[in-house]
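Trainee: I've got this model open and would like to go through it with you, strands before ligand. Can we start where the chain makes its early pairings?

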Amino acid sequence: MSRDQPVRSTLPPPAPLEWESKFFQDTVKLVERTSDLMKLDPNIKHRLTTPDRALIVTVPVRMDDGTVQNFVGYRVQHNNTLGPCKGGIRYHHDVNLGEVSALATLMTFKCAVAGLPLGGAKGGVRVDPTLLSRHEVQRLTRRYTVEIINFIGPDSDIPAPDMGTNDQTMAWIMDTYSQMKGYAVPSVVTGKPISAGGSKGRREATGRGVAYTIAAAAEHLGLKLEGMTCAIQGFGNVGMYAARKLARMGVKIVAVSDVTGAIYNPEGLDIAHLRKYVGIRQVVQGYPRAEAITNDQLLRLKVDIMLPAALGGVIDAEIARDMKCRILAEGANGPVTSEGDEVLRARSDEIFVIPDVLANAGGVTVSYFEWVQGLQSFFWTSREINERLYRVMHTAFDDCVKFKEKFRTDMRTASLMLGIHRVSEAMLARGLFP
Ligand code: NAD
């Protein structure tokens, strides 16, 4: 039956239970709070606090001992208003729908903050990849790819590496997808090895981008970057390349950590030497040229720059109160809880936060470059990649600072405002289908 008059919709239902997790609720709170400050259209606000689509799959894997284990995998597309969805795939024993949805939401705004024509997605499998052999990880990856194959594609949703996955994982996804299609489809994933259609500079991109935003923040605050001290939580892809780039910029890296604990040397760590040590031992624990401390102690160190580059939710209200840094650069996604964020907002004159959607956007930026190069089958030099990355990161930083000053707010709120503004303008321009 058609009606002449539009009917006012009822109030939106609360977030469904399956998405409820602390991280997702924190992310929703942040988006809602920011949308309210911007006086955003309530319909758009509600749409932005729930993902467009979410897929849960079971991934059966034959293990090396002949048994079969079932793992649970996810792929969530949060919003595709600005372009195809883009986001990493995480292998971690804590992965759940709430976490993947929160990360997909952050990806939407991260792409928008960086000015990329992409939407936000995320995926993951609940598994500890360190307990699996290489063959088991390969079989898991190929089966997961097949389970989500109708969900992803170079025009719709393009995965990339995240925690627990790397360029090899992306090569297996690309190969599996291509085998199913019958021809090579390199642009279905980014973060591939260069030999399989990857981009120069992708592996280093997130850490390098973090370093660029730290340099921009130091300049903005009128501080000299050279000689600053820095502590880094997590010495994986992001933490390690950020450490290398910052050390080259003259920053003294005094502490780093991984899942086994932290190491500290107030005189500064030799990052090249530490990389060699970690290359052999796989962990920072036992590194001879430093003293052992805990991850919690690392976060409380008195340093100029604190760089969390591991897990989400590691900075709660208590740690936020104890932190003694001048710049907090969020290499990790969602490292600060909403309670921690309240404390940091009250301390925004003391601690300048470079939020995740800005600080770690270098990864998705070079992923975007890789996707563009793959579609054109025309590849750029390292120099072209790094210059373009530098421009994107500095422009994004300046755009966030403009919002910060215009709305007299903190950096996290300003960055999210910028991201929400860009997505919501496009949503309003495109209109509601049908
Ligand atoms: P990774 O798997 O390469 O490294 C993670 C590091 O964190 C490892 O050193 C690991 O030992 C450490 N770690 C794990 N649990 C820990 C704990 N409880 N305490 C201390 N350290 C711990 O992952 P990555 O790709 O470097 O990603 C790190 C963070 O950066 C994640 O939050 C990820 O979402 C985010 N991120 C990554 C990229 C990228 O391009 N890789 C892009 C944007 C954001």
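Mentor: Sure, and keep in mind that this is a predicted model. Let's begin with E1 and strand E2, residues 68–79, which pair in the antiparallel sense.

Trainee: Over how many bridges do E1 and E2 pair?

Mentor: You can follow the pairing along the strands residue by residue. Thr 58 stands opposite Val 72 in E2, and Ala 54 has Val 76 as its bridge partner there. Counted over the pair, E1 and E2 share 10 bridges.

Trainee: Which residue in the hairpin of E1 and E2 takes a positive phi?

Mentor: Look at the link between the two strands, which has five residues. One residue in this hairpin has a phi near 95°. That residue is Gly 66.

Trainee: What is the strand order of the open sheet with five strands?

Mentor: Pairing in this sheet is mixed. In general, strands of a sheet pair through backbone hydrogen bonds, either parallel or antiparallel. Reading across the five strands, the order is E1-E2-E4-E3-E5.

Trainee: Why is one side of E1 and one side of E5 left without a neighbour in the sheet?

Mentor: Strand E1 (53–62) and strand E5 (157–161) stand at the edges of the sheet. One side of each has no neighbour there because each has a single partner strand. As for the turn between neighbouring strands of this sheet, direction ignored, the average is 25°.

Trainee: On to the open sheet of seven strands: which are its edge strands?

Mentor: Lay out the order, E9-E8-E7-E6-E10-E11-E12, again with mixed pairing. Neighbouring strands here are turned by 20° against each other on average, direction ignored. The ones that pair on one side only are strand E9 (291–293) and strand E12 (352–354).

Trainee: How many residues lie between E7 and E8 in their hairpin?

Mentor: Strand E7 (residues 252–258) and strand E8 (residues 261–264) are antiparallel, with four bridges. Val 256 stands opposite Ile 263 in E8. The hairpin they form leaves between the strands just two residues.

Trainee: In E9, what is the bridge partner of Ala 262?

Mentor: E8 also pairs with E9, in the antiparallel sense over three bridges. Go to Ala 262 and look across to E9. Its bridge partner there is Ile 293.

Trainee: Do E10 and E11 run parallel or antiparallel?

Mentor: Strand E10 covers residues 305–308 and strand E11 covers residues 327–329, with two bridges joining them. One partnership to look at is Ile 305 with Ile 327 in E11. The direction of the pair is parallel.

Trainee: Now the ligand. How much of its exposed area does the protein bury?

Mentor: Start with the polar contacts: a side-chain N or O atom of Arg 90 is 2.7 Å from a ligand oxygen, while a polar backbone atom of Asn 237 is 2.9 Å from an oxygen of the ligand. Gly 331 has a backbone N or O atom 3.4 Å from a ligand oxygen. Taken alone the ligand exposes 840 Å², and the protein buries 83%.

Trainee: Which elements give two or more residues to the shell around the ligand?

Mentor: The shell draws at least three residues from each of domain 1 (22–188) and domain 2 (204–359). The elements you want are helix H6 (202–221) and helix H7 (237–248).

Trainee: How many residues surround the ligand?

Mentor: The closest are Arg 90, Asp 162, Thr 206, Ala 310 and Asn 333. By type, the shell divides into eight nonpolar, 10 polar and four charged residues. The number surrounding the ligand is 22.

Conventions
Residues are numbered from 1 along each chain as its sequence is written. This is a predicted model: local features need pLDDT of at least 70, side-chain atom pairs count only at pLDDT 80 or more; totals for chains, interfaces and linings use all residues. Side-chain values use heavy atoms; hydrogens and water are left out. Two strands pair if DSSP finds at least two bridges between them. Axes are lines fitted to C-alpha atoms, for helices over the stretch in contact, and angles run from 0 to 180 degrees between N-to-C directions. A residue is near a molecule or strand if one of its heavy atoms lies within 4 Å of it. A polar contact is a pair of N or O atoms within 3.5 Å; within protein, one must be able to donate a hydrogen and the other to accept it, and residues adjacent in sequence count only if both atoms are side-chain atoms. Accessible areas come from the Shrake-Rupley method with a 1.4 Å probe; for residues, only the protein chains shown count as cover. Ala, Val, Leu, Ile, Met, Phe, Trp, Tyr, Cys and Pro count as nonpolar, Asp, Glu, Lys and Arg as charged, and the others, Gly among them, as polar. Domain bounds come from an automatic or database domain assignment.
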